[in-house]
Amino acid sequence: MISAALAVSMAVSMMPATAVSAFAAGTSTNTAETTTVTGKNSTESEAETSGYCGAENQEESVQWKYDESTKVLTIFGNGPMADYEGIADTDVGTDNDLRPWKPYLNQITEVHIEEGVTAIGNSAFRGMKALKKANIPASIQHLGDYIFRYDEALEEVIWAEGFEAAETTDVDSNQNVYTGKYLPTSMFDFCSELGKDKELTEWLPKSFEGVGCAAVRGTQFTVDFDNWSNLKYIGAYAFSMMRNLESFTVTDDIEFGLRKNPQVPDGTSNALQGSGLKKMIVRTEKLPYAIVRGCEKLSVIDLGSNPTIIGDSEFAGTAIEKIDIPKSVTKVDAWAFANCQNLKRVTFYGETALHHVPFPACGIETFIIEEGAKITSDDSNPFREQPTGSYPAVTSLKNVEILGTLNTSRTDMTTETLWKNMFSPSEQLKEVTVSDANLQYVKAETFPKMENLKVVGDDATFEASLAGCTNLKTVDLTGCKKIASYAAGCFGDGMNDSTVIYVNDASAIPGSDTGISNRHGIVMVVKGGTVNTDKTGFDSVTKAGCTAKWYEDANCQIETKDTTPVTGKTYYAKWKVIPVAATMTATTSKSAYLVNTPVDVNITVNPGTYGAEIHKGKVALTYGDEVEKVELDGKELTEKEYTVQELAQMMKLTSRSSNIKATLNVTYKKVGKFDFNVALKDANGAQICADGTQVVVAEKAAELTPATELYTLTVKNADVTIKNGDEEIKAEKNDKGELIAKVPEKADVTVTYTSQSDAVAFDQWTITTDETLDVDVKNNPLKFQMPAGGVTIEAMTKDASIEEDEPNILGTAAVVGTAAAGTAILAWQGYQLGTELYLKTALPAGTAIPTNRAELALLVWNHAGKPAPAAVLPADATDTQKAIAWAVENDLLKAAKDNGETYVDTDSVSRVEVIRVWNKAQEK
């Protein structure tokens, strides 16, 4: 109560006299008187300010009036408004525009429709450049088309609570006729300020089941499509150019409006065209045509397993980085991925036909046809350039994996030619993986820059020569179950002498079955090893958990002395398992126990590579006469050493595990601190691993160390370090951005505020605590010991331009910390309430309080009538750039900081700064 009274008092004391008078007199605009001057076709100053606007044959059922002082257009009566048909965007304000409020189109800032009006006519408030606010009452039973189209300043539309949408027909999606409860055609089309910081389904009445053609195009709404449970219809261009969209899932439950297109028989959708959509999930067989064309932020497309066709230009111009074409897709049409410059990876999984050129101007680096997939092309090269649109060919390939088939469907060319056309232009294509059946197409003219070739399959036959592959470094044949034969000369003259040929066993050595004597290169028989072409020499072959020695004979008797493989030689790997140590941990469940009460000693063993030794070994227990008894699985252990097999039988274990876990129940008959140790030994008594734990035993429960009570510390808008003796306690961030920690009493707490902007400085701390906390709230950092109660601390800031020795704009208030529950900080609450109340009174009605430099500049610049700045700006300068330039020229904002650095648009501004700039702007 004190805070509120203080805030009102301070706010009123700050206001100019005129503002105080206006505040006292009230702000209602509904009682303003309007005047009517005769002459419908007279000049603006002589135009009527009221009249009738009802529908045909009931014109007098609805009236309008315009208040020139408040700039509010009021529609009232009982009945439907008239339709204003035939107004195109170019007709607004011309003789073709028959709206009676036409003289005030660029003055009206608010449209107020009273209850009783039953319909809003077509184009009723279209093209009103100054309109910022409107409402739609519950009595409305019909909404026309184009109602607010191109109202570029419209920021707020208030729907009546419980508004019930009526059925309408989306006539502009004219491939078919769609009727339902949809937002009408172009209702808010290009209302570019509408929807800022709003989610569409929270703003739109729940009774709406869809969005008609271009109904919210170009607005700023976000849309939670996943939770729009009653979404049934999306018209053409419905969400086009909405830059704040995130994710959308296409399902069969949604019907799409389609516009006629002579080139597309089914019609075009463009529902999300040019929007900021980032992710699309497809769960339907057929996508509406051009649904996401030109979505430059669309980087993820999940096609699922349903689509059958990817249509002409379907994903053209998007930012997708990879695409998996599922088995369900039978056709990828022309230009489907045209100009997807970020598309780096394409993978095919099924039988798919490529029509014409689906991938012009793409940046594909990895092209994969998975095993079993069959790809056919009806073009000479699906990667070739397209003169139309100046789309260059794909020449960025680095890695090709063709485990399925890639064939031509043309009769005037061969598959070998298709491969050459697709792959030879890519000079960075160095990694090639093919199935055994595709070896016939691997030639020097197809892959002139190939460095690494990998072959997989059942029966590899080299029919072509690799002799011309002068860049070839490795040939990996370890993925072949059988290598049938090598063509004469395949590894002969012309191939790099340093090329390494990897095979699994000696029977696959090139030339071993053909008698080829002029074989070049190096052969490495890996015997189950894995090839890594990023490494060279003997290091290029590894096997998990093993180390290799290399030999120069198949029987591995002659260990090589070569440190680097030598041309013409064959090397054989022999693998040895690398021992992994066994580990054991022994822990107790609690920190202390009572005498004659079983203690849980938990044993965990990771055997590493010593599983066999442990299985044949022994378990040794070490403890003193303080122990009354030891039990395992309810059976008493009377000895201190057992074989693992004996214990396994007691536990009824039937197989060995990679991790062995057991719990021993140990009962102590004495009070004190005692060690209990466990060791694993092999059959010869050599220790494999061991661990122990200390047990604290007390006689009475009161002697057990009580758990330290913890209290909640919450820190907002600051950083915190907490130390309890030598232990550092880490605070965790919750979903609100607050730092939360559980802290014991008397732990040392240090809270520090660090400004993120030169425009903002630390002011003081607000503290809420259940206990007394003796601190100076002006200290930064703030240090104290944690009391026996919860503490909430928040850093408060101020405008950095306000000097400490100047009086605060809201006066000085002491910050008081009190004991008992709920400490209140008056100064900050008063500041918040006072400045907010003042600004809401001083600023134009409905204006949001600016929070950063750009918003503040736009506020004063727009209010000044958008004057042109004196500075010469680029032709494409934004309104924000113009506003800031003008504000700096008029000494409303500073151009540079004291240290010479420049401000940025997103620099935050305090409410004090907003008040200063606004009041100074009124004097200009």
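Is K278 buried, partly exposed or exposed? I looked this up to open the notebook, and K278 turns out to be partly exposed, with a relative accessible area of 32%. I keep in mind throughout that this is a predicted model.

**Entry 1: K278 and its partner**

I followed the side chain of K278 to E246, where the two meet in a salt bridge with an N to O distance of 3.2 Å. K278 sits in the loop between β18 (264–268) and β19 (279–283), and E246 sits in the loop between β14 (233–234) and β15 (247–251), so this pair ties together parts that are 32 residues apart in sequence. I also checked the cover on E246, which is partly exposed at 45% relative accessibility.

**Entry 2: D302 and R283**

Next I looked at D302, which forms a salt bridge with R283; their closest N and O atoms are 2.9 Å apart. D302 belongs to strand β20 (residues 300–302) and R283 to strand β19, so the bridge ties together parts that are 19 residues apart in sequence. I found D302 partly exposed, with a relative accessible area of 31%. R283 counts as partly exposed too, at 33% relative accessibility.

**Entry 3: other salt bridges**

I noted one more pair, D562 with K569, where the closest N and O atoms are 2.9 Å apart. K569 is partly exposed at 28% relative accessibility. Which residues are joined into one network by salt bridges that share partners? I listed them as D89, R126, R149, D189 and R217. My search over the whole structure returned 29 salt bridges.

**Entry 4: a positive patch**

I then turned to charge on the surface, and found K527, K549, K574 and K576 gathered in a patch of positive charge. I placed K576 in strand β40 (residues 570–577). Its relative accessible area is 60%, so K576 is exposed, the cut-off being over 50%.

K527 I looked at twice. K527 is in the loop between β36 (522–525) and β37 (530–531), and at 34% relative accessibility K527 counts as partly exposed. Its backbone caught my eye as well: phi of K527 is near 50 degrees, a positive value in a residue other than glycine.

**Entry 5: a negative patch and a cis bond**

For the opposite sign, I found E709, E745, D770 and E771 gathered in a patch of negative charge on the surface. I placed D770 in the loop between β57 (760–769) and β58 (782–785), where D770 is partly exposed at 44% relative accessibility.

Where is P781 found? I traced P781 to the loop between β57 and β58. The peptide bond from N780 to P781 is cis, and I read its omega as near 10 degrees.

**Entry 6: S123**

I checked another backbone angle at S123, which is not a glycine yet has a positive phi of about 55 degrees. S123 is in the loop between β6 (117–120) and β7 (133–136). I also asked how much of S123 is accessible, and at 2% relative accessibility S123 counts as buried, since buried means under 20%.

**Entry 7: T347**

I picked T347 in strand β24 (residues 345–348). T347 counts as buried, at 2% relative accessibility. What is T347 in contact with, leaving aside its neighbours within four places in sequence? I found I323, D324, I325, I368 and E370.

**Entry 8: helix α9**

I went on to helix α9 (residues 879–889), whose buried residues are T880, A883, I884, A885, W886 and A887. I looked for what these buried residues of α9 pack against, and found α8 (853–863). Just after α9, I noted that D891 takes a positive phi of about 60 degrees.

**Entry 9: the whole chain**

I closed with totals. How many helices and strands does the chain have? I counted 10 helices and 59 strands. Of its 924 residues, 45% count as buried. Among contacts in the chain with a separation of 6 or more, 55% come from residues 24 or more positions apart. I put the exposed area of the chain at about 45500 Å², with carbon and sulfur atoms supplying 47% of it.

How values were computed: Residues are numbered from 1 along each chain as its sequence is written. This is a predicted model: local features need pLDDT of at least 70, side-chain atom pairs count only at pLDDT 80 or more; totals for chains, interfaces and linings use all residues. Side-chain values use heavy atoms; hydrogens and water are left out. Patches are made of residues with over 30% relative accessible area and no salt bridge: like charges are joined within 9 Å, nonpolar side chains (Val, Leu, Ile, Met, Phe, Trp, Tyr) within 5 Å. Accessible areas come from the Shrake-Rupley method with a 1.4 Å probe; for residues, only the protein chains shown count as cover. A salt bridge is a side-chain nitrogen of Lys or Arg within 4 Å of a carboxyl oxygen of Asp or Glu. Lys and Arg count as positive and Asp and Glu as negative; His and the chain ends are not counted. The place of a charge is taken as NZ of Lys, CZ of Arg, CG of Asp or CD of Glu. Helices (H or I, at least four residues) and strands (E, at least two) are DSSP runs, numbered from the N terminus. Buried means under 20% relative accessible area, exposed over 50%, partly exposed in between (1.4 Å probe, protein chains only). Contact means heavy atoms within 4.5 Å.
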